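Biologist: I am new to this structure and would love a close look at one part of it. Could you walk me through the aromatic rings and what surrounds them?

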Amino acid sequence: MTEQRPDPDALLERVQAEEAQSRRGRLKIFFGASAGVGKTFAMLSAARAARTQGVDLLVGLIETHRRRETEALLEGMPLLPRRTVAYRDRLLDEFDLDAALARRPALILVDELAHSNAPGSRHPKRWQDVDELLGAGIDVWTTMNVQHLESLNDIVSGITGARVGETVPDHVFDEADEVVVVDLPPDELLQRLRDGKVYLGPQAERAAANFFRKGNLLALRELALRRTADRVDDEMRSYRRERSVSAVWPTREALLACVGPGAQGEKIVRATARLAGQLDVEWHAVYVETPALQRLAQPRRDAILRVLRLAQELGATTDTPAGDDVAATLVRYARAHNLARLVVGRSGRRRWPWKPPLAARLAAAAGDLDVVQIARAPGSESRPAAGVEASPTGIRWRTYFASAAICGAAALLATPLLPLFELVNLVMLFLLAVVIVAVRYGRGPAVMAAFLSVGVFDFFFVPPRFSLAVSDVQYVLTFAVMLVVALVIGQTTANLTYQARVATRREQRARALYEMSRDLSAALLPEQVAEIAGRFVEAEFDAQGALLLAGDDDRLGAPLPAPELPAALDADIARWSHDRGEPAGFATDTLPGSPVLYLPLKAPMRVRGVLAVQPRRSASRLQIPEQRRLIETCASLLAISVERLHYVEVAQRTTLQMEGERLRNSLLSALSHDLRTPLTSIVGLAETLQAGDAALAPAQREMAQGLVAAGRQMQTLVHNLLDMARLQGGALRLKRDWVAIEEVIDSAIRSLGSALEGRPLRLALPADLPLVQLDAVLVERVIANLLENASKYTPPGSEIEVAAQLESPQRLVVSVRDRGPGVPPGREAAIFEAFTRGASESSTPGVGLGLAIARTIVEAHGGGIEAQQRAGGGAEFRFWLPLGEAPERPPELAADT
């Protein structure tokens with residue numbers, strides 16, 4: 001095993017993470033393929049052993065399913081009393097989280113991690129209860145099956161044909177401190193099912209006929225073992241990173257395709273993809289950027305990028321690491337990613353006799369790695385093999401002329417110094433020239449400068465001068481040492497210059513991302529985000545960028561103003577990318593002929609828009625994997641920033657709305673209380689005057705009647721104001737009871753009295769309607785408000801219909817239909833807002849509170865309400881209420897209906 005010194009930053013981060021983890025409890029999951037494999041039994045057996053060792057243990061909740069072996073293990077164990085929760089007409093026994101936190105044991109057992117808690121519990125899911133226990137520093141042991149993992153839910157449903165509704169997020173499973181696989185062969189599990197050790201009675205028969213089939217159990221067993229193996233593999237990789245282990249541990253197959261500039265790139269990629277598919281393993285495709293390969297002609301670089309794109313399409317993880325030695329870089333990458341098998345192309349004729357082929361160099365550099373050679377592609381004998389450095393085409397002759405000029409300048413500078421210094425000192429000038437050439441022009445010109453410097457020094461300065469002859473043999477050693485030193489200095493300088501250039505580019509990209517994220521964190525408007533995105537795309541990719549954001553209706557809008565919008569921007573392609581959440585356009589599989597690349601802005605909640613990028617000149621930059629990851633990172637930062645702005649706006653709007661509602665409710669409550677007493681006095685006095693013994697003139701009697709009607713109307717308004725203030729203030733408390741909806745409707749009609757005079761009323765109430773659990777007084781108010789609304793907005797003599805029906809076994813629908821003007825188009829939802837009326841200018845009295853009160857009451861019952869146009873003219877208001885398991889209707893009530 002080869003270990004290297006850990007990175008100090010990574011070490012500090014690990015120490016901080018371990019310190020935070022030490023304050024949390026430890027989670028241990030007993031994991032199985034299906035019910036009945038013995039997870040609860042194994043957990044209780046381990047718990048009894050832990051208790052004998054003095055562990056402060058508490059059984060929080062165990063589901064024995066009446067299995068005798070499991071119940072026997074609970075004898076003598078400390079049990080936490082369950083919490084009783086009333087749900088509909090039943091009492092449910094649930095885990096008591098508060099009691100567990102108050103008891104605070106060292107270890108608690110909580111069975112069935114994926115269980116859904118009863119309504120009204122603090123957390124909807126049991127795994128959230130467990131997370132709170134862990135946060136309190138309590139260790140938890142629990143159980144779960146593979147079908148409860150969120151990422152495998154659809155796969156399991158496709159195998160078994162049954163959709164599991166209770167799931168656990170994968171991060172809970174992955175972050176568990178320990179996972180114990182409880183496994184049982186399918187034949188033994190089926191025998192346990194037949195013996196009644198899994199389910200009892202008819203439930204066992206149904207399970208054997210549906211879920212518990214041998215094929216299903218085999219598939220679930222494989223899924224459970226594979227998922228556990230993936231988790232162990234992640235733990236192993238984390239350990240290797242933490243301990244800086246460089247040696248490859250071949251714990252599982254993983255392939256590395258070594259792509260080079262030769263003609264075999266595509267064959268290597270396809271062969272590796274086939275091999276990975278046969279072995280069902282992951283694979284990587286890597287192209288090493290060396291100084292020589294950076295000088296390849298653009299067509300050959302484009303070909304390499306196409307090969308990497310092909311590898312990515314075939315499922316590979318691609319990368320372009322930089323290094324001056326292909327073999328060393330590949331070995332370093334393989335060790336970092338724990339890839340034990342490298343796939344390279346078979347070498348043809350060796351270009352340089354002293355330079356072994358890539359496969360031989362890999363074998364020499366890492367004897368613990370397997371090297372697989374792929375046969376040469378037909379017609380590739382005359383072209384360099386994949387993975388081997390090729391001689392660059394398109395030599396830049398100007399760099400070589402400049403190298404010769406620098407050597408000549410060194411000779412001119414040394415000429416006047418010849419009488420003053422020894423020849424060995426003048427050699428330093430020529431070595432300096434080699435260093436300058438290596439720094440400015442790279443490896444090839446530096447090699448030429450080394451040889452040229454030796455020749456110039458011999459010809460112009462070593463006696464006999466102006467001749468290549470050497471009078472003293474000692475100068476031969478001088479020339480040899482000078483040549484070797486010049487070559488070493490030139491090569492080392494060229495390599496360091498290249499590595500410094502690569503590091504500088506990466507540092508510039510990291511700094512650009514940091515500056516972009518800093519600017520985005522300060523952005524307050526979408527236009528500012530678009531401007532920042534345009535600047536980044538312009539600076540890093542020499543491209544035009546545009547930002548298209550989605551509105552609240554999830555539809556893509558027009559491009560936001562930017563320094564320079566892409567000329568070839570296509571709204572249809574952008575809309576497709578947004579709707580599908582996939583890249584489109586240039587360098588993708590969808591409409592690759594487009595010159596613009598469209599990247600969806602995937603935020604944590606939803607896709608927030610599209611980033612459009614159109615390169616100006618060098619379009620191939622967006623095809624390089626490293627550059628592609630950079631632009632995708634940019635899109636992710638933009639998406640998060642846009643989502644942040646959205647929620648900031650939502651929070652501000654909500655805060656303003658809450659303050660407005662609070663102020664309005666306070667005002668309404670105050671006004672309504674102050675108005676009730678004088679209104680009651682006015683109505684009482686008017687009624688007394690109207691019913692008095694004194695004879696009134698017809699005009700006076702009419703005035704008294706109008707005063708009574710107006711007073712009662714004002715009383716209704718005040719009551720509505722009070723009700724609205726109380727409902728929106730959260731003071732609504734439902735008093736549910738099982739009642740017949742027919743009685744509630746009849747009571748609502750009687751309460752309206754003369755308000756329905758002159759309007760025929762038709763009831764459509766089936767005789768078999770079930771009882772509904774509701775607050776009869778409040779629902780009566782809903783129906784009365786709907787009937788009053790219908791009477792206000794319909795002409796005299798028009799019919800009003802009240803109907804009730806079972807829309808499904810889960811809900812009852814009540815409808816109020818009229819033949820009035822109907823609901824204004826587009827305002828079907830707005831009319832249920834407080835102080836909203838069907839028509840802004842209308843002679844019909846009212847302030848628009850009746851429908852708002854109705855909606856609040858219905859939603860408090862767990863139902864909903866809506867308005868729609870009625871066929872043939874008019875409006876239909878319908879609300880629905882959820883149904884529970886109602887008791888039987890009394891015979892006398894059934895007879896009456």
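Modeller: Happy to! One definition will help us along: a residue is called buried when its relative accessible area is under 20%. Please keep in mind that this is a predicted model.

A search of the whole structure turns up five aromatic pairs. One of them brings together Phe 30 and Trp 141, in an edge-to-face arrangement with 6.0 Å from centre to centre and 65 degrees between the planes. This pair links distant parts of the chain, since Phe 30 lies in strand E1 (residues 27–32) while Trp 141 lies in strand E6 (residues 139–145), 111 residues apart. With the cut-off at under 20%, Phe 30 counts as buried because its relative accessibility is 3%. Trp 141 is buried too, because its relative accessible area is 12%.

Trp 141 has another partner worth finding on your screen: the charged end of Lys 28 sits over the ring of Trp 141, 4.5 Å from its centre.

Now move along the chain to Phe 536 and Phe 541, which also form an edge-to-face aromatic pair, with 6.2 Å between the centres and 65 degrees between the planes. Phe 536 has a relative accessible area of 6%, so Phe 536 is buried. Phe 541 is at 1% relative accessibility and therefore counts as buried as well.

To finish, here is a charge over a ring elsewhere in the chain: the charged end of Arg 811 sits over the ring of Trp 880, 4.6 Å from its centre.

Methods: Residues numbered from 1 in each chain as written. Predicted model: local features only at pLDDT ≥ 70, side-chain atom pairs only at ≥ 80, totals over all residues. Heavy atoms only, no water. Phe/Tyr/Trp six-rings, centres within 6.5 Å; stacked < 30°, edge-to-face > 60°. Helix = DSSP H or I, 4+ residues; strand = E, 2+ residues; numbered from the N terminus. Buried < 20%, exposed > 50% of the residue type's maximum accessible area, 1.4 Å probe, protein only. Lys NZ or Arg CZ within 6 Å of the ring centre and 35° of its normal.
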